[in-house]
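Got the structure open in your viewer? Let's walk through it together, one selection at a time.

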Amino acid sequence: MNLNDQKRAPIYEALNRFRKQRVVPFDVPGHKRGRGNPELVELLGDKCVGIDVNSMKPLDNLCHPTSVIKDAEELAADAFGAAHAFLMVGGTTSSVQSMILSACKSGDKIIMPRNVHKSAINALVLCGAIPVYIDPRVEPKLGIPLGMELDDVRQAMDENPDAVAVLVNNPTYYGVCSNLKAIVELAHARGMQALVDEAHGTHLYFSDMLPMDAMTAGADMAAVSMHKSGGSLTQSSLLLLGPNANQRYVDKIINLTQTTSASYLLMSSLDISRRNLALRGEKSFEKVAQMAQYARDEINEVGGYYAYGSELVNGDSVYDFDVTKLSVYTRDIGLAGIEVYDLLRDEYDIQIEFGDISNILAYISIGDRLQDIERLVGALADIKRLYSKTPTDFFIAEYISPVVAATPQAAFYAEKESLPIRETVGKICSEFVMCYPPGIPILAPGEVITKEIVEYILYAQAKGSSMQGPEDPDIRYLNVLVKGV
Amino acid sequence: MEFWFNDMHTQNVQLSIRVEKQLFSGESDFQRIDVFESPEFGRFLASDGSVIFSEKDEFTYDEMIVHVPMAVHPNVKRVLVIGGGDGGVARELTHYEEIESIDVVEQDKLFVDVCRKFFPANACGLDDPRVKVFYQDGLRFLRSRMDEYDLIINDATDPLGHTAGLFTKEFYGSCYKALHDDGIMVYQHGSPFFDEDEDPCRAMHKKAYRSFPVSRVYQAHIPTCPAGYWLFGFASKKYHPLEHFDKKRWEDRGIKTWYYTANLHVGAFMLPRYVEDLLEEEENS
């Protein structure tokens with residue numbers, strides 16, 4: 001990485017030049033620097049609406065970058081150690097989907113852990129590829145899905161030598177990393193592409209103390225959520241390519257679904273955030289890791305909670321752990337994670353990232369201060385004092401291994417009927433069911449519904465998890481295939 | 001030369017104080033601190049642009065936040081002061097001989113250093129041998145304390161700034177836990193007058209009311225506060241601020257005050273109708 005070059009922010013600089021030119025707009029957007037929509041200006045401010053502009057000669061065009069956007073992408077590639085970087089404006093969902101659509105065609109097999117984000121399975125609905133799922137190992141006490149074991153990956157590759165790609169989470173929402181480098185090597189030895197979902201891994205690129213990032217591991221593509229740990233605006237993302245990826249083809253795939261009116265707010269936020277990460281990222285994430293460690297120590301000191309960290313590392317299904325993540329096991333105080341999540345928000349005015357059946361995850365980032373950490377720890381101590389119950393054991397494992405009876409695409413488009421959820425056992429599901437966040441499907445299109453899955457859904461609902469996916473928002477009914485496939 | 005300090009009490013209201021000179025300006029991890037000399041208020045200290053106290057009116061809240069609970073609780077031995085790094089609260093506490101220890105927890109060392117240098121009349125309170133100063137986050141200090149104090153005074157004033165953690169449910173819960181079975185917590189309750197201050201004021205009462213069996217509010221007139229009007233909270237596990245108020249005992253002590261009197265003690269709990277109403281709304285919500 002060339003640090004001197006990284007001091008530049010071409011899109012941001014072009015917008016500043018553009019602002020000074022006071023160009024008279026006879027183009028879209030129709031709010032014309034906000035004049036046509038004073039209420040929007042009141043909300044967002046002059047500066048913000050002033051740079052909400054359309055692509056034009058001095059500002060380049062995301063669909064076919066030739067000047068400042070091209071420069072920004074090259075700087076991003078350099079900062080992340082990639083051969084090429086695409087600025088993405090459709091969320092990391094668009095990065096993940098472009099990655100998969102670039103690697104797979106209809107009928108191709110792709111190997112992936114079942115705890116992928118729904119965006120990955122949605123990509124299979126779009127392109128008709130067939131998922132070969134690897135069951136992630138589950139931590140028996142915490143109930144969290146871990147990484148893929150290397151033997152499981154090897155076995156899936158041996159059994160499916162025709163697979164074209166493997167997809168890896170690096171890390172998972174909870175901070176768990178698989179042995180990425182070894183998986184990439186296995187894939188390449190068999191002529192498969194290695195794709196990496198780094199929605200939770202932007203910071204890995206800017207610290208030597210954290211797990212290995214995808215580009216260093218030699219992956220072909222990686223989807224990087226700049227708006228999570230990278231600090232850019234929500235919905236902005238990066239798609240990184242390794243040296244062997246076909247940049248022109250990926251570009252074509254991206255432009256199948258990408259907007260032709262990309263937001264300069266999003267693109268400039270990527271540009272500025274990339275610069276910030278390149279110049280100051282290492283120091284920032286060192287601080288984040290320290291804060292997370294402080295929080296873990298303090299929470300474990302409170303007792304009754306288990307804030308876990310790198311002690312989970314076992315050399316395989318937890319090959320490495322991202323210590324900037326703060327996940328806490330709550331069942332020993334008799335409360336489900338989702339119950340603690342609700343108490344924090346409703347009683348203590350603290351919003352955390354999510355709560356599942358047994359854990360909560362608080363997102364620690366470059367925007368945090370120690371006094372906010374004290375509030376979180378103080379609230380957890382107070383929750384223990386006021387609300388703890390005798391622990392009960394309900395569901396040991398959060399993860400239920402699915403049986404795939406149809407490809408996601410076939411199930412999605414097949415003839416279906418709506419049945420009360422309790423009557424769907426044994427049928428093939430045609431829609432997603434998931435708790436959001438984390439957005440990892442409990443059921444995906446094409447999977448057989450089992451009694452355990454139905455009970456799990458009802459239990460998670462009763463505990464207050466926010467469920468998404470099905471047509472029926474209350475999830476009393478599920479859409480299932482009329483016939484088997 | 002015209003030299004004025006403006007304290008924005010709301011977006012639309014400001015208090016202007018003529019300044020003779022600026023004595024100090026510095027920034028810590030927590031706040032920007034400025035000290036000015038003024039003809040009307042004497043020296044005053046501002047944190048992030050808001051007046052925290054002045055020589056002219058600091059006696060009001062230092063007396064009101066100390067003597068009110070001390071005239072109620074029959075036997076205070078251990079006191080915890082959160083915030084209060086200027087020493088004014090500790091100074092008032094040192095009038096009471098039965099107090100054995102005064103722990104002052106102030107996270108910002110710069111604040112203490114500045115007060116020691118520019119406000120020795122307050123900071124002298126920190127020099128009493130019973131006083132121990134801890135440079136720590138208040139919430140963190142409290143987390144491990146259980147059944148240790150007779151009186152906790154939360155001297156932090158700003159529920160929205162860097163002391164926001166001291167106006168939360170977890171803070172009141174931690175105080176409850178750290179107090180003995182007959183302990184009292186008093187706290188700065190803000191000003192209810194301007195619209196933008198009303199919500200934080202309501203939220204404080206709602207949280208304290210649900211955390212302690214006894215939760216009453218009292219008032220004082222403090223010119224540098226928004227609208228010149230300030231409330232204090234009295235939250236207690238056992239003692240009622242009026243029913244257990246021992247007027248004779250307090251008067252017999254012969255403590256010299258400028259604001260607090262035993263008569264005023266009772267009157268301070270008589271609140272204007274609009275304040276009573278908003279507090280009751282929070283109690284019943």
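In this predicted model, begin where domain 1 of chain B meets domain 2 of chain B: 19 residues of domain 1 are in contact with 17 residues of domain 2. To see the two parts, colour residues 4-54 of chain B as domain 1 and residues 58-284 as domain 2. Taken over C-alpha atoms, the centres of these two domains of chain B are 23 Å apart.

Now stay on the domain 1 side of that meeting place in chain B. Select strand 3 (21-27), strand 4 (32-38) and strand 6 (50-54) of chain B; each supplies at least two residues of the side of domain 1 that touches domain 2. Which strand of chain B gives the most to this side? Strand 6 of chain B does, with four residues. Next, try colouring by residue class: the side of domain 1 of chain B that touches domain 2 has eleven nonpolar, six polar and two charged residues.

Next stop: the place where the two chains meet. Here 13 residues of chain B are in contact with twelve residues of chain A. Pick out helix 5 (138-143) and helix 6 (169-178) of chain B, since each supplies at least two residues of the side of chain B that touches chain A. Helix 6 of chain B gives the most to that side, with six residues.

Keep the class colours on for a last look. How do the residues of the side of chain B that touches chain A divide? You will find two nonpolar, five polar and six charged residues on this side of chain B.

Conventions: Residues are numbered from 1 along each chain as its sequence is written. Chains are lettered from A and ligands numbered from 1 in the order in which they are written. This is a predicted model: local features need pLDDT of at least 70, side-chain atom pairs count only at pLDDT 80 or more; totals for chains, interfaces and linings use all residues. Two residues are in contact if their C-beta atoms, placed from the backbone, lie within 7 Å. Ala, Val, Leu, Ile, Met, Phe, Trp, Tyr, Cys and Pro count as nonpolar, Asp, Glu, Lys and Arg as charged, and the others, Gly among them, as polar. Domain bounds come from an automatic or database domain assignment.
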